[in-house]
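Student: Please take a close look at one helix of the structure shown below. I should like its residues treated in turn, and then the contacts and pairings elsewhere in the chain.

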Amino acid sequence: MLRNFGVKYVFLASQLTRIALVLSYLAVLVLTIAMLYEVFARYLFSAPTIWAFDIAYMSNAAIFLLGNAWVLHQNGHIAIQLIYEKMSFAARAFFDAIVHLVIVFPLFIFLSYNAVERVFSAYNTQEVEMVSPWGPLMWPFYTIFAFGLVVFTIQIPASFINRYALNSTKV
């Protein structure tokens, strides 16, 4: 029964991670189109936009936050391989449990919770970017930010479960 729960949890996390990955691809597309438009508007028509900088930083943040869960899903985060590969399977599992489940996971629960609260606060107050001449509403950006953090948070135990509890072969 516990294995069945683990399989379902890992599947759910994988699906959410894939959605976040597709959204990060869309953010790359938005960034590319916005920057191309800005270059043409500025240098060909001498009419720079007031929104290009905001789109650029929001898209970059979205790419990073939405892609982070996929990198973890693919086991692509940085590790000191020279030391890590010399550890036994049990030692790696213990080390990963301490780092990922005891330190990183609670931290990202806290960050995700605060990000979701920030979305609701920004929506209720109709917060806008105060240092921007464009002044976009911030809750859509905060929503993407929060979604990326939540998906990454869900992916942390899913990666651990997949690597150590569901795989019968020792990696």
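Tutor: The account below begins with helix 1 and then turns to the other helices and loops.

This is a predicted model, in which local features need pLDDT of at least 70 and side-chain atom pairs count only at pLDDT 80 or more, whereas totals for chains, interfaces and linings use all residues. Residues are numbered from 1 along each chain as its sequence is written, and side-chain values use heavy atoms, with hydrogens and water left out.

Helix 1 covers residues 2-44; helices here are DSSP runs of H or I with at least four residues, strands are runs of E with at least two, and both are numbered from the N terminus. The expected span of a helix is 1.5 Å times one less than its number of residues. For the 43 residues of helix 1 this gives 63 Å, and the end C-alpha atoms are 62 Å apart, which agrees.

Serine 14 is a residue of helix 1. Because its relative accessibility is 9%, serine 14 counts as buried; the term buried means under 20% relative accessible area, exposed means over 50%, and partly exposed lies in between (1.4 Å probe, protein chains only). When neighbours within four places in sequence are set aside, serine 14 is in contact with His73 and Gln155, contact meaning heavy atoms within 4.5 Å. His73 appears again in the contacts of serine 159, which touches Leu72 and His73 under the same exclusion of neighbours within four places. Serine 159 belongs to helix 5 and is buried, with a relative accessible area of 8%.

Helix 1 also presents a nonpolar face to the surface. Valine 22, in helix 1, counts as partly exposed at 46% relative accessibility. Together with Ile19, Leu23, Tyr25, Leu26, Leu29 and Ile33, Val22 makes a nonpolar surface patch of about 670 Å². Patches consist of residues with over 30% relative accessible area and no salt bridge, like charges being joined within 9 Å and nonpolar side chains (Val, Leu, Ile, Met, Phe, Trp, Tyr) within 5 Å. The areas come from the Shrake-Rupley method with a 1.4 Å probe, and for residues only the protein chains shown count as cover.

Glutamate 38 also lies in helix 1 and, at 8% relative accessibility, counts as buried. It forms a salt bridge with arginine 42, with the closest N and O atoms 2.7 Å apart; a salt bridge is a side-chain nitrogen of Lys or Arg within 4 Å of a carboxyl oxygen of Asp or Glu. Both residues are in helix 1, 4 residues apart, about one turn of the helix. An α-helix has 3.6 residues a turn, so residues three or four places apart point the same way. Arginine 42 is partly exposed, with a relative accessible area of 37%. Beyond neighbours within four places in sequence, glutamate 38 is in contact with Pro48, Thr49 and Ala52. Threonine 49 is 11 residues from glutamate 38 in sequence, and the two C-alpha atoms are 6.3 Å apart.

Serine 46 follows helix 1, in the loop between helix 1 and helix 2. Its phi is near 50°, a positive value in a residue other than glycine. Most residues other than glycine have a negative phi. Serine 46 is exposed, with a relative accessible area of 61%. Glutamine 126, in the loop between helix 4 and helix 5, likewise has a positive phi, near 55°, and counts as partly exposed at 40% relative accessibility.

The structure holds 3 salt bridges. In another of them, arginine 163 and aspartate 96 meet at 3.5 Å, N to O. That pair links distant parts of the chain, arginine 163 in helix 5 and aspartate 96 in helix 4, 67 residues apart. Both arginine 163 and aspartate 96 are buried. Glutamate 127 and arginine 118 also form a salt bridge, at 3.0 Å, N to O; glutamate 127 is partly exposed at 22%, and arginine 118 is partly exposed at 39%.

Finally, the largest nonpolar core has 22 residues, of which Phe108, Met138, Phe141, Tyr142, Leu149, Phe152 and Ile156 touch the most other members. Helix 1, helix 2 (52-73), helix 4 (89-125) and helix 5 (139-166) each supply at least two residues of this core. A nonpolar core is a set of buried Ala, Val, Leu, Ile, Met, Phe, Trp, Tyr and Cys residues joined through side-chain atoms within 4.5 Å. With neighbours within four places set aside, methionine 138 is in contact with Tyr57, Met58, Glu127, Val128 and Glu129.
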